[in-house]
Number of protein chains: 2
Amino acid sequence: MGRGRVQMKRIENPVHRQVTFCKRRAGLLKKAKELSVLCDAEIGLVIFSAHGKLYELATKGTMQELIERYGKYTGGPQLPDEVPMLEPLDAKKEIDMLKQEIQVLQKGLR
Amino acid sequence: MGRGRVQMKRIENPVHRQVTFCKRRAGLLKKAKELSVLCDAEIGLVIFSAHGKLYELATKGTMQELIERYGKYTGGPQLPDEVPMLEPLDAKKEIDMLKQEIQVLQKGLR
DNA sequence: CTCTATTGATAATC
DNA sequence: GATTATCAATAGAG
């Protein structure tokens, strides 16, 4: 789109990259909403900018609910009781992961 | 795009809706990848079809890592100390406790 | 699925 | 931010 083609690689010019990020981010969010409405799909979209700012979209409910559904889908039917142990990560990180898993499991019990 | 405009509402014809879902889903995933590459952003996209099938995309790492980052972002900066901290147990001990709880929950799910 | 006609997204520009 | 020339996505048809 636009005047001239676009190389599919990181835009080096910071100003240009920022402008493109804003425009395409808006376009992506719009497309996601459209797909959700047109085809009755539940969509979650999370975008972290290069600078770490968060942009999100969740159709049908909250992002948390969607994450839980995701966890249930991937952790449930597909890998019932397979616990792929990770290497000894940072303890805090591992604790957070375990807590999240517990939340998913608790939700599944209801 | 295409021949004729599209009403922004749920497509009633099931065949038409399925075709549109496939096409736009592919387009959305492509756009998400492009935004990630062009603007150096980390993007997570989760799509549940109306029938419950999951389609996902995670640029830069896994979806789990992205979810963790999301949780950290929303639960961290925004609600710094609203997290009921447990007693400062030894990290290893806490991990073992959490794992045990997970096992109990998994058992309950069967 | 492949193939256009046409719209919609957007890169360049102001 | 708004405008416009172009390209890319896609609706409909085969």
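In chain A, 26% of the contacts between residues at least 6 apart in sequence join residues at least 24 apart. The model described here is predicted. Chain A contains three helices and two strands, and these elements follow one another along the sequence in the pattern α-β-β-α-α. The chain has 110 residues, of which 35% count as buried.

Two DNA strands, C and D, are considered in turn. DNA strand C is surrounded by 17 residues. The closest of these are His16(A) and Lys23(A) from chain A, together with Met1(B), Gly2(B) and Arg3(B) from chain B. Of the atoms of DNA strand C that come within 4 Å of the protein, 68% belong to sugar and phosphate. Helix α1 of chain A, residues 14-39, supplies the largest share of the surface near this strand, with eight residues. By residue class, the surface near DNA strand C consists of nine charged, five polar and three nonpolar residues.

Polar contacts to DNA strand C involve both bases and phosphate. Lys23(A) places an N or O atom of its side chain 2.9 Å from a base nitrogen of DNA strand C. Gly2(A) approaches a base oxygen of the strand through a polar backbone atom, at a distance of 3.1 Å. For Arg24(A), a polar side-chain atom is found 3.0 Å from a phosphate oxygen of DNA strand C.

DNA strand D is likewise surrounded by 17 residues. Here the closest are Met1(A), Gly2(A) and Arg3(A) from chain A, and His16(B) and Lys23(B) from chain B. Sugar and phosphate make up 70% of the atoms of DNA strand D that come within 4 Å of the protein. The element that gives the most to the surface near DNA strand D is helix α1 of chain B, residues 14-39, with eight residues. Nine charged, five polar and three nonpolar residues form the surface near this strand.

Contacts from both chains reach the bases of DNA strand D. An N or O atom in the side chain of Arg3(A) lies 2.7 Å from a base oxygen of the strand, and a polar side-chain atom of Lys23(B) lies 2.8 Å from a base oxygen. His16(B) contacts the backbone of the strand instead, with an N or O atom of its side chain 3.0 Å from a phosphate oxygen.

Met1(A), one of the residues closest to DNA strand D, belongs to the segment before α1 of chain A. Its relative accessible area is 71%, and Met1(A) is therefore classed as exposed. Apart from neighbours within four places in sequence, Met1(A) is in contact with Arg24(A) of its own chain and with Lys31(B) of the other. Arg24(A) is also the residue with a polar side-chain atom 3.0 Å from a phosphate oxygen of DNA strand C.

Aromatic rings were examined next. A pair of aromatic rings is described by the distance of the centres and the angle of the planes. Over all chains, the whole structure holds four aromatic pairs. In one of them, the ring centres of Phe48(A) and Tyr73(B) are 5.8 Å apart and the planes stand at 70°, so the pair is edge-to-face. This pair crosses between chains, linking strand β1 of chain A (residues 42-48), which holds Phe48(A), to helix α2 of chain B (residues 63-75), which holds Tyr73(B). Phe48(A) has 0% relative accessibility and so counts as buried, whereas Tyr73(B), at 27%, is partly exposed.

The rings of Tyr73(A) and Phe48(B) also form an edge-to-face pair, because their centres are 5.8 Å apart and their planes lie at 70°. This pair too crosses between chains, from Tyr73(A) in helix α2 of chain A (residues 63-78) to Phe48(B) in strand β1 of chain B (residues 42-48). Tyr73(A) is partly exposed, with a relative accessible area of 24%, while Phe48(B) is buried at 0%.

Phe48(B) has a further partner in chain A, since the charged end of Arg69(A) sits over its ring at 3.9 Å from the centre. Within chain A, Arg25(A) lies over the face of Tyr55(A), 3.8 Å from the ring centre.

Key. Residues are numbered from 1 along each chain as its sequence is written. Chains are lettered from A and ligands numbered from 1 in the order in which they are written. This is a predicted model: local features need pLDDT of at least 70, side-chain atom pairs count only at pLDDT 80 or more; totals for chains, interfaces and linings use all residues. Side-chain values use heavy atoms; hydrogens and water are left out. A residue is near a molecule or strand if one of its heavy atoms lies within 4 Å of it. A polar contact is a pair of N or O atoms within 3.5 Å; within protein, one must be able to donate a hydrogen and the other to accept it, and residues adjacent in sequence count only if both atoms are side-chain atoms. Helices (H or I, at least four residues) and strands (E, at least two) are DSSP runs, numbered from the N terminus. Ala, Val, Leu, Ile, Met, Phe, Trp, Tyr, Cys and Pro count as nonpolar, Asp, Glu, Lys and Arg as charged, and the others, Gly among them, as polar. Rings of Phe, Tyr and Trp (its six-membered ring) pair if their centres lie within 6.5 Å; planes under 30 degrees apart count as stacked, over 60 as edge-to-face and the rest as tilted. Buried means under 20% relative accessible area, exposed over 50%, partly exposed in between (1.4 Å probe, protein chains only). A charge sits over a ring if NZ of Lys or CZ of Arg is within 6 Å of the ring centre and within 35 degrees of the ring normal. Contact means heavy atoms within 4.5 Å.
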